[in-house]
Amino acid sequence: MTDHTITVAGTAVDTRHWIGGERVASAETFTDVSPIDQSAIGEISRGTATEAAAAVAAAKAAFPGWAATTWTERARILHAVADGVEKRLEDLAIVETTDNGALLRSHRRGVMPRVAHNFRFFADWLLRLDHDDFETRGHTNHVSWDPAGPCVLITPWNAPLMLATWKVAPALAAGNTVILKPAEWSPLTASLLADIAAEAGLPAGVLNVVQGYGAEVGSALVSHPDVRRISFTGSVPTAKRIAESAAANLTPLSLELGGKSPLLVFADADLDLATDLAVEQYDNAGQVCLAATRILVEESVADEFTRRFVEKAARLDQGDPRDEATDIGPNIHARQLEKIDGFVQRAVAAGARAVIGGHRKDGLYYAPTLLTDVAQDSEIVQEEVFGPVLTLQTFSDEEEAVRLANDTRFGLAATVATGDRERADRVTAQLVAGTVWVNCFFVRDLQAPFGGSRHSGVGREGGTWSFDFYCDLKNTVTAPKGWKDHG
Ligand SMILES: NC(=O)C1=CN([C@@H]2O[C@H](COP(=O)(O)OP(=O)(O)OC[C@H]3O[C@@H](n4cnc5c(N)ncnc54)[C@H](O)[C@@H]3O)[C@@H](O)[C@H]2O)C=CC1
Ligand SMILES: O=C(O)/C=C/C=C(\O)C(=O)O
């Protein structure tokens with residue numbers, strides 16, 4: 001153990017940056033706090049423009065070597081990273097839960113397996129990329145997926161390693177080098193990923209991890225002229241700042257942002273299924289960008305829907321996220337809790353009724369809340385809360401349902417509950433959303449395009465769309481004549 005290693009639930013985590021295949025400490029640190037009990041976990045290196053420049057330089061130096069590796073070699077190493085993730089799944093799960101307060105059972109059974117899958121999927125998809133030649137008047141067109149260069153990946157705290165590796169894996173598969181900047185509220189599993197990647201044989205400088213505050217090291221990274229791609233998941237205000245920095249260097253951007261997604265429940269829906277889907281929106285204490293936080297229910301079934309919803313929500317167990325029985329853990333940080341409660345109290349002051357919840361509990365826990373009597377143009381209906389807070393509104397027909405569903409500045413996702421296939425087709429065709437689920441929620445296939453419309457994002461990642469973003473596509477047109485051997 002060194003001064004720079006902390007032990008988190010039995011797992012050693014290095015608190016320094018990982019730059020050019022070496023651990024690098026900053027002079028300053030920041031304190032990482034566990035949302036479970038607000039105890040200090042450790043002091044983490046607080047990067048500045050100096051570490052940002054060092055990481056970009058390391059990524060730039062490592063780029064030609066990694067870009068020149070064969071696709072099969074890259075795929076082999078990414079599968080080895082996935083093996084490492086699977087081997088250390090238990091460590092990753094408990095460290096992530098300690099760091100961001102999300103359920104240990106979810107990390108074990110869903111999230112960390114998905115982290116490994118992120119690497120396996122993009123390793124395999126790389127080998128399936130289409131590069132068939134085609135002809136134009138006897139000339140051959142050859143499309144190549146050229147690596148772009150160093151990529152800066154900036155990620156949030158709500159699903160730290162899953163959202164980070166959803167970007168890291170395709171960026172590396174494409175032959176790029178990476179500088180990952182995890183959120184300062186959940187820095188730990190990114191450090192473990194650096195260890196795992198090094199053990200898997202990823203060459204030095206191909207993956208770099210820089211810790212610190214967004215406004216300090218994050219902004220230095222996104223303004224760096226040697227960066228060839230920026231991919232960001234997080235809030236809209238931060239996205240706007242990053243877009244300004246990227247504009248100065250014309251760095252291509254991919255932005256996955258917030259949402260205020262609707263769950264439309266029609267009278268012909270299976271109400272048991274619909275209420276299950278609604279209660280599921282409290283997952284991760286409501287800190288899910290895709291969450292359908294606006295429940296829109298057809299008037300004729302609204303009372304019955306509410307009755308069943310309240311009954312199911314009352315059965316949710318809120319408490320320590322390490323306990324197997326817990327359904328809802330804490331929110332990430334005192335500032336986030338303050339923000340959530342502010343939204344709720346302002347809504348209530350404006351006339352909303354808390355059917356359940358509407359208040360804080362001990363520590364960083366917020367009671368699962370359902371608000372009715374909310375106006376369509378109110379803050380609580382229009383703004384992302386990012387906590388366990390849902391609103392319920394009613395509609396009288398399909399046209400009104402679609403109008404309410406589309407009436408925010410977001411367009412990340414939407415969920416439709418209906419027993420009528422034709423209605424499902426009609427309604428989904430009119431919804432503005434990057435992903436629409438019908439009678440289901442959060443079913444993810446990594447080959448699908450993923451992203452948001454309007455203020456929920458710019459661009460799409462997933463499957464070939466990820467390679468479109470992370471590669472510099474090149475078309476080489478070769479004439480049939482001009483060769484020395486036949487004139
Ligand atoms: N769409 C999503 O998945 C997420 C949405 N959010 C939304 O954002 C709200 C605020 O959460 P925050 O953690 O403050 O999100 P944020 O957008 O400030 O932070 C996300 C990431 O961006 C970095 N960052 C911040 N400022 C930066 C800058 N100027 N340049 C480069 N990087 C920068 C942060 O260090 C972090 O790694 C939440 O309440 C929620 O509404 C937050 C996390 C995830
Ligand atoms: O499945 C994905 O790639 C993204 C999921 C997003 C979240 O889990 C989230 O923002 O909470």
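In this predicted model, Ala 285 counts as buried, because 30 C-beta neighbours lie inside 10 Å and the threshold for burial is 20 or more. Ala 285 is placed in the loop between helix 9 (271-279) and strand 15 (294-298), and its backbone has a positive phi of about 55° although the residue is not a glycine. A second residue other than glycine with a positive phi is Asn 439, for which the value is near 55°. Asn 439 is found in the loop between strand 20 (435-438) and strand 21 (457-458), and with 15 C-beta neighbours inside 10 Å this residue counts as partly exposed. Such values stand out against the general pattern, since most residues other than glycine have a negative phi.

The protein chain has 15 helices and 22 strands, and is divided into domain 1 (5-257 + 452-475) and domain 2 (262-438). The C-alpha atoms fill a box of roughly 80 × 65 × 40 Å along the principal axes. For a chain of 487 residues, a compact globule would be expected to have a radius of gyration near 23 Å, and the 24 Å found for the protein chain therefore agrees with that expectation. Of the 487 residues, 53% count as buried. Among contacts with a separation of 6 or more, 70% are accounted for by residues 24 or more positions apart in the protein chain.

The centres of domain 1 and domain 2, taken over C-alpha atoms, are separated by 31 Å, and contact between the two domains involves 20 residues of domain 1 and 22 residues of domain 2. On the side of domain 1 that touches domain 2, helix 3 (89-100) and helix 4 each supply at least two residues. The residues on this side of domain 1 divide by class into 7 nonpolar, 10 polar and 3 charged.

The interior was examined next. In soluble globular proteins, nonpolar side chains tend to be buried together. The largest nonpolar core of the model holds 87 residues, of which Leu 78 and Val 178 touch the most other members. Helix 4 (residues 104-128) gives the most to this core, with 11 residues. When residues up to four places away in sequence are not counted, Leu 78 touches Phe 119, Phe 122, Ala 123, Ala 169, Leu 172 and Ala 173. Apart from this core lies another, of 56 residues, which includes Val 389, Phe 395, Val 402 and Leu 431.

Helix 4 also contains Pro 113, which is partly exposed because 17 other C-beta atoms lie within 10 Å, a count below the 20 needed for burial. Between Pro 113 and Asp 37 there are 27 Å in space, C-alpha to C-alpha, and the two residues are 76 residues apart in sequence. Asp 425, which lies in helix 14 (residues 421-430), counts as exposed because 10 C-beta neighbours are found inside 10 Å and 12 or fewer place a residue in that class. Asp 425 and His 359 are 66 residues apart in sequence, and their C-alpha atoms are 39 Å apart in space.

Two ligand sites were then considered. Ligand 1 is surrounded by 26 residues, the closest of which are Gly 214, Gly 218, Gly 234, Ser 235 and Cys 289. The elements that give two or more residues to this shell are helix 7 (214-222) and helix 8 (236-249), and helix 7 gives the most, with 5 residues. By class, the shell around ligand 1 comprises 11 nonpolar, 10 polar and 5 charged residues. At least three residues of this shell are drawn from domain 1, and at least three from domain 2.

The shell around ligand 2 consists of Asn 158, Ala 159, Trp 166, Val 288, Cys 289, Leu 290, Arg 444 and Phe 450. These residues divide into 6 nonpolar, 1 polar and 1 charged. Domain 1 and domain 2 each contribute at least three residues to the shell around ligand 2. Cys 289 is listed both among the closest residues to ligand 1 and in the shell around ligand 2.

Technical notes:
Residues are numbered from 1 along each chain as its sequence is written. Chains are lettered from A and ligands numbered from 1 in the order in which they are written. A residue is near a molecule or strand if its C-beta atom, placed from the backbone, lies within 6 Å of it. Helices (H or I, at least four residues) and strands (E, at least two) are DSSP runs, numbered from the N terminus. Ala, Val, Leu, Ile, Met, Phe, Trp, Tyr, Cys and Pro count as nonpolar, Asp, Glu, Lys and Arg as charged, and the others, Gly among them, as polar. Domain bounds come from an automatic or database domain assignment. A nonpolar core is a set of buried Ala, Val, Leu, Ile, Met, Phe, Trp, Tyr and Cys residues joined through C-beta atoms within 7 Å. Two residues are in contact if their C-beta atoms, placed from the backbone, lie within 7 Å. The radius of gyration is taken over C-alpha atoms; the globule rule is 2.2 Å times the number of residues to the power 0.38.
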